[in-house]
Amino acid sequence: MPRTTRNLRLLVTARTCSLCGDLAVPIAVPFAVLDVLDGGPTEVGIALGAQFTGVLVFLTAGGVYSDRFAPHRVMVASDCASALVQTAVAVLLATGRMSVPLLASLMFATGAASAFHRPATRALVPRIVERDALQAAHARLGTTTAGAVVLAPLAAGGLVPVLGAAGVIAVDAATFVGSALLIVRIAPRVPSRPPGTDHPGMAEEVAEGWRELRSRPWLWGSIASAAGVELLLSAPPATLAPVVADQLYGGARGYSWLVAACGLGAVTGGLTAARLRLHRPVLAANALVLPMALAPLALALGAPLIGVLVAYGVTGMCQGLFTALWYTAVSRAVPQEVQGRISAWDQLGSFALRPAGHAMAGLAAGTVGIAPVLGTAAAAGLFLPVPVLLLKDVRAPLSTSPAQHTVLSPTPPR
């Protein structure tokens, strides 16, 4: 089997494995708060916001280490740490020793481990796939792993009443172990200068990534827009949909159907993206935010379950298309040696306001009600993308010339 094919297959399988567990957590944790810890929307927002806070605090370090060391090794270390933290969460829930503050602390630790995995994954793809195959690879990665987005929530929705939140989170811990065992077998191309040697200080490396980001208006403009989207459009339904499902759609099982519909849409979007050849992928990616307003609107109106499922499916399709188009644009336009740091700045900027969004949604729902908060989120989705769509660099065709990068050489035989 060609090395590229083998490496990509291992990465896709590992990502699917860890996602199967990961995607059970957004169902298990809210219902652990609601049913086990007797919390409400505010406590759900605190728990989910803590995880994103952990991601944000450690993302820049994750980006530096992803460029400084072999990305697949960073991913293995991250998976091992995540397995340990999730095991602790499962044990404490099962033994009745969990509290909301303790759960929030452990979710913060989960986010910290994820902060190293995310940029490492983005940095790894260009090292195992040739430049002209990047969009197909990102689409395949997104499409295959999106299958987990369909199946895992459905399984979790059925398993939460049987195993409880603790049992579902224990399964998540096991999937991280499986992911690490697969990733350790990946053999990417590596820079001719061995990773981890003759590097400047971390602050200088972080600053180098910032300079690369700042020199591309289409990049920082899109990230700034994404920050607003996460705060006002994405965080409120993520916080409040479990509460709405608990009231209207049958609890964890009904909520799992919504998440699965989003995953099915993402599969469709990924399959579509693999066949697209767009000269303005950044413009298209940002425009895909507009239809995502349907999901919070359907929840705000208390629409029948079928209507909410359709809205979530549309949102998922937009997300699948966005992921493939955006990651491909960044992979092609950003130098190889700063991919991890650019990925870190991308995610740091995009998700910087997400924890505040979770907290604000929970608090506001307790004050003015759930429907007004979700209605505001839907309105925000229609207006937030407009400024970035007007940027000249976003509307211009993306340069097809390769970004300057370090010479890569094959990994020595194992």
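Tutor: Before we start, a helix here is a DSSP run of H or I at least four residues long, and helices are numbered from the N terminus. Also keep in mind that we're looking at a predicted model.

Student: Okay, then which helix does Asn7 lie in?

Tutor: Look for the helix whose residue range takes in position 7. The range 3-22 does, and that helix is H1.

Student: Is Asn7 buried or exposed?

Tutor: Buried means under 20% relative accessible area. Asn7 has a relative accessibility of 1%, so Asn7 counts as buried.

Student: And which residues is Asn7 in contact with, leaving aside its neighbours within four places in sequence?

Tutor: Set those sequence neighbours aside and look at what remains. The contacts of Asn7 are then Ile128, Ile186, Ala187 and Pro188.

Student: Let's zoom out. How many helices and strands does the chain have?

Tutor: Just count up the secondary structure of the chain. You get 17 helices and 2 strands.

Student: What percentage of the 414 residues count as buried?

Tutor: Each residue is sorted by its relative accessible area, with buried meaning under 20%. For the 414 residues of the chain, the buried share comes to 56%.

Student: Which residues touch the most other members in the largest nonpolar core?

Tutor: That core has 53 residues, and its largest share, 8 residues, comes from helix H2 (residues 25-36). There's also a second, separate core of 25 residues, which includes Val64 and Leu213. Back in the largest core, the ones touching the most other members are Leu93, Leu103, Tyr255, Leu299, Val308 and Tyr312.

Student: What is Tyr312 in contact with, leaving aside its neighbours within four places in sequence?

Tutor: Tyr312 is one of those core residues we just named. Skip its sequence neighbours, and Tyr312 is in contact with Pro237, Ala241, Leu258, Ala261, Cys262, Ala295 and Leu299.

Student: Now the helix pairs. Why is H3 called oblique to H8?

Tutor: The axes of H3 (residues 41-68) and H8 (residues 217-248) come within 9 Å and cross at roughly 135°. Angles over 145 degrees count as roughly antiparallel and 65 to 115 as roughly perpendicular. The crossing angle of roughly 135° fits neither range, so H3 is to H8 oblique.

Student: Which residues of H3 and H8 make the contact?

Tutor: H3 passes H8 in a right-handed crossing. On the H8 side you'll find Ala238, Thr239, Leu240 and Val243. On the H3 side, they are Pro41, Val44, Gly45 and Leu48.

Student: At roughly what angle do H8 and H14 cross?

Tutor: The axes of H8 and H14 (residues 354-368) come within 8 Å, and the crossing is right-handed. Residues such as Ser234 and Ala235 in H8 and Gly357 and Ala361 in H14 are among those that meet. H8 is oblique to H14, and the angle is roughly 55°.

Student: How far apart are the axes of H14 and H15?

Tutor: H15 covers residues 370-383 and packs against H14 at an angle of about 130°. Ala361, Ala364, Ala365 and Val368 in H14 meet Ile370, Pro372 and Val373 in H15. The distance between the two axes is 7 Å.

Student: Last one: which residues does His117 touch, not counting residues up to four places away in sequence?

Tutor: His117 lies in helix H5 (residues 100-128). With a relative accessible area of 7%, His117 is buried. Its contacts, with those sequence neighbours left out, are Arg15, Met75, Ser78, Asp79 and Ile183.

Conventions. Residues numbered from 1 in each chain as written. Predicted model: local features only at pLDDT ≥ 70, side-chain atom pairs only at ≥ 80, totals over all residues. Heavy atoms only, no water. Buried < 20%, exposed > 50% of the residue type's maximum accessible area, 1.4 Å probe, protein only. Core = buried A, V, L, I, M, F, W, Y, C linked by side-chain atoms within 4.5 Å. Contact = heavy atoms within 4.5 Å. Axes fitted to C-alpha atoms, helices over the stretch in contact; angles between N-to-C directions. Parallel < 35°, antiparallel > 145°, perpendicular 65-115°, else oblique. Left-handed = near helix turned anticlockwise from the far one by under 90°.
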